[in-house]
Amino acid sequence: MDRWKDRVALVTGASVGIGAAIARALVQHGMKVVGCARSVDKIEKLAAECQSAKYPGTLIPYKCDLSNEEEILSMFSAIKTLYQGVDVCINNAGLARPEPLLYGKTEGWRNMIDVNILALSVCTREAYQSMKERDVDDGHIININSMSGHRVLASSISHFYSATKFAVTALTEGLRQELREAKSLIRVTCISPGLVETEFAFRLFNDAPEKAAATYESLKIGDVQMRPTEQVS
């Protein structure tokens, strides 16, 4: 990680869970990390914790609604003004809505598409352009995918979410091919976590927190249909 010291990373969905853990780790290794989310209260708290711990890097909270392209573009413009551009882009933000294919609400489907697919694609494009215009050829784009992007569980509320994560799998491979064709040394990585105890399930089961708690509790006792390394992001 020495070569990344003082370099700039963007982490989307950095307020909780995997995104917050990634942001903290990168700051510990001396990176300048722009952590974005719709609400930055928790990122501001994390930034203060990193500062108190005297980590060599810096965490910069940035409020951004990833379902709004204009806000994403404004964020990249702000990063360019502050730090010239992005060297690492970690597309971590993702969400699920309990909307089955047979009777789910279009609004929920669209929300998943906007964040899980379009926001990831826009951030990827803008990060690549930022690297290219500065002749950064050792950059890295990392997509936090899910095991749900590789198989479909027998759970109706996860089917549309799974479709968006299959899209991330395809987008990552497509990006790899385009970077190779462009003879770029910028790397792309796809990481598919298993079941991780974060706020994800509690947001999915917003009206039934007991279901979210049961999801994680069942994992702890091994009483789940999926392996402990599988999940939703």
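The expected span of a helix is 1.5 Å times one less than its number of residues. Keep that rule handy for the helix view below; everything shown here comes from a predicted model.

**View 1. Helix α1 has about the length it should have.**
This helix covers residues 17–28. With 12 residues at 1.5 Å each, α1 should span 16 Å, and because its end C-alpha atoms lie 17 Å apart, the two values agree. Just past the end of α1 sits G30, which takes a positive phi of about 90°.

**View 2. The whole chain, for orientation.**
Step back for a moment and you'll find 7 helices and 6 strands in the protein chain. Follow the sequence and the order reads β-α-β-α-β-α-β-α-β-α-β-α-α. Of the 233 residues, 47% are buried. Take the contacts with a separation of 6 or more: 70% of them link residues 24 or more positions apart. The accessible surface adds up to about 12,000 Å², and carbon and sulfur atoms own 53% of that.

**View 3. Strand β2 sits between partners β1 and β3.**
Strand β2 takes in residues 32–37, and 5 of its 6 residues are buried. Strand β1 (residues 8–12) runs parallel to β2, with 5 bridges joining the two. Look for A9, which stands opposite V33 of β2. To get from β1 to β2 the chain passes through helix α1, making a right-handed β-α-β crossover.

Now for β3 (residues 58–63): this strand also runs parallel to β2, and 6 bridges join them. Here V33 turns up again, this time with L59 in β3 as its bridge partner. The route from β2 to β3 goes through helix α2 (residues 41–52), and this β-α-β crossover is right-handed too.

**View 4. The covered side of α1.**
Which residues of α1 are buried? They are G19, A20, I22, A23, L26 and V27. These residues lie on the same side of α1, because they cover an arc of only 160° around the axis. So what covers them? The cover includes strands β1, β2 and β3, helix α2, and two strands from further along, β4 (88–91) and β5 (140–144).

**View 5. Zooming in on L26.**
L26 belongs to helix α1. Is L26 buried or exposed? The cut-off for buried is under 20% relative accessible area, and L26 has 12%, so it counts as buried. Set aside the neighbours within four places in sequence, and L26 is in contact with M1, A9, V11, M31, V33 and I90. You've met A9 and V33 already, as the pair standing opposite each other in β1 and β2. As for V11, it is 15 residues away from L26 in sequence, with 9.7 Å between their C-alpha atoms.

**View 6. M1, at the start of the chain.**
M1 lies in the segment before β1. Its relative accessible area is 46%, so M1 is partly exposed. Which residues does M1 touch, leaving aside neighbours within four places in sequence? They are L26, H29 and M31. L26 is the buried residue from the previous view, and M31 is also on the contact list of L26. M1 and G30 are 29 residues apart along the chain, yet their C-alpha atoms are separated by 8.7 Å.

Methods:
Residues numbered from 1 in each chain as written. Predicted model: local features only at pLDDT ≥ 70, side-chain atom pairs only at ≥ 80, totals over all residues. Heavy atoms only, no water. Buried < 20%, exposed > 50% of the residue type's maximum accessible area, 1.4 Å probe, protein only. Helix = DSSP H or I, 4+ residues; strand = E, 2+ residues; numbered from the N terminus. Pairing = 2+ DSSP bridges. Right-handed = clockwise from strand over helix to strand, strands pointing away. Arc of directions from axis to C-beta. Contact = heavy atoms within 4.5 Å. Areas by Shrake-Rupley, 256 points an atom, 1.4 Å probe, with all protein chains shown as cover.
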